[in-house]
Amino acid sequence: MEEIKISQNLSKEEKYIELVNQVNLLIKHETDLIANLSNTCSAINEVHNFLWTGFYIVKEDELVLGPFQGPVACTRIGFGRGVCGKSWEEKRSIIVDDVEKFPGHIACSSKSKSEIVIPIFRGEDVFGILDVDDTRYGTFDEVDEKYLKKIVELIEKKLI
Ligand code: SME
């Protein structure tokens, strides 16, 4: 597959359903993790036009920046720090409607107003996180969480 083909006229949920199918096609025959994370965040951002979509990978006691699409970002985030570190610590997804109201939020870009973070598991452990930021307040809801989790599950299957 060489191109993401999803109409911009679809609803958010319809776009996500197509996106999950196309990410599956993109990564199912490729074993290289960096290649798969790179194409996955590119596909998400291309379809939804978010400000920033990317991955942080757990390395020792920090999250380290991985493949992403969007403005340059902080390279290292400590356990429990910011939205990403909190998602790692609590092993759960976090939706933030207004980043200024999240205690300890790490502002990589002043344009970021809302955020969703989904942990990626390898067995019981957090392997990394998927982080998506947007320029508008309250962009992310349970629809984003449901389908971004499905995309993360496709990646988790490749980690076993
Ligand atoms: N805002 C995140 C940091 C990562 S950037 O948004 C890309 C946080 O608070 O963890």
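Two strands count as paired here if DSSP finds at least two bridges between them. Keep that in mind as you walk through this predicted model.

**Stop 1: the central hairpin**

Select β1 (52-59) and β2 (residues 62-69). These strands run antiparallel, and 6 bridges join them. To see the register, click on G54, which stands opposite F68 in β2. Now move to the turn of this hairpin, where 2 residues lie between the strands. Show the backbone of E60 there: its phi is positive, near 55°.

**Stop 2: from β2 to β3**

Follow the chain out of β2 and add β3 (76-78) to your selection. The two strands form a hairpin with 6 residues between them. In that turn, pick G70, which has a positive phi of about 130°. The strands are antiparallel and joined by 3 bridges. Two pairs are worth labelling: E62 sits opposite G78, and L63 faces I77.

**Stop 3: the whole sheet**

Colour the strands by number and read across the sheet. In what order do the 6 strands lie? The order is β3-β2-β1-β6-β5-β4, in an open sheet with antiparallel pairing. β3 and β4 (94-96) stand at the edges with a single partner strand each, so one side of each has no neighbour in the sheet. Rotate the view and follow the twist, which averages 25° from one strand to the next.

**Stop 4: the helices on the sheet**

Next, select helix α2 (residues 33-48), which packs on the sheet and touches β1, β2 and β6 (125-134). The direction of α2 makes about 150° with that of β1. Then add helix α4 (residues 142-159), which also packs on the sheet. Its contacts are with β1, β4, β5 (114-122) and β6, and its direction makes about 30° with that of β5.

**Stop 5: a long-range tie**

Show the side chains of D141 and K12, which meet in a salt bridge at 3.1 Å, N to O. Where do these two residues sit? D141 is in the loop between β6 and α4, while K12 belongs to helix α1 (residues 12-27), so the pair ties together parts that are 129 residues apart in sequence. The whole structure has 8 salt bridges.

**Stop 6: the ligand**

Finally, centre the view on the ligand and show the 13 residues that surround it. The closest are V83, C84, I106, E115 and D133. Which backbone atoms should you look at? Start with V83, where a backbone N or O atom lies 3.0 Å from an oxygen atom of the ligand. A polar backbone atom of C84 is 2.8 Å from a ligand oxygen atom. At I106, a backbone N or O atom lies 2.7 Å from a nitrogen atom of the ligand. Is the ligand buried or exposed? Taken alone it exposes 300 Å², and the protein buries 99% of that.

How values were computed
Residues are numbered from 1 along each chain as its sequence is written. This is a predicted model: local features need pLDDT of at least 70, side-chain atom pairs count only at pLDDT 80 or more; totals for chains, interfaces and linings use all residues. Side-chain values use heavy atoms; hydrogens and water are left out. Helices (H or I, at least four residues) and strands (E, at least two) are DSSP runs, numbered from the N terminus. Axes are lines fitted to C-alpha atoms, for helices over the stretch in contact, and angles run from 0 to 180 degrees between N-to-C directions. Contact means heavy atoms within 4.5 Å. A residue is near a molecule or strand if one of its heavy atoms lies within 4 Å of it. A polar contact is a pair of N or O atoms within 3.5 Å; within protein, one must be able to donate a hydrogen and the other to accept it, and residues adjacent in sequence count only if both atoms are side-chain atoms. Accessible areas come from the Shrake-Rupley method with a 1.4 Å probe; for residues, only the protein chains shown count as cover. A salt bridge is a side-chain nitrogen of Lys or Arg within 4 Å of a carboxyl oxygen of Asp or Glu.
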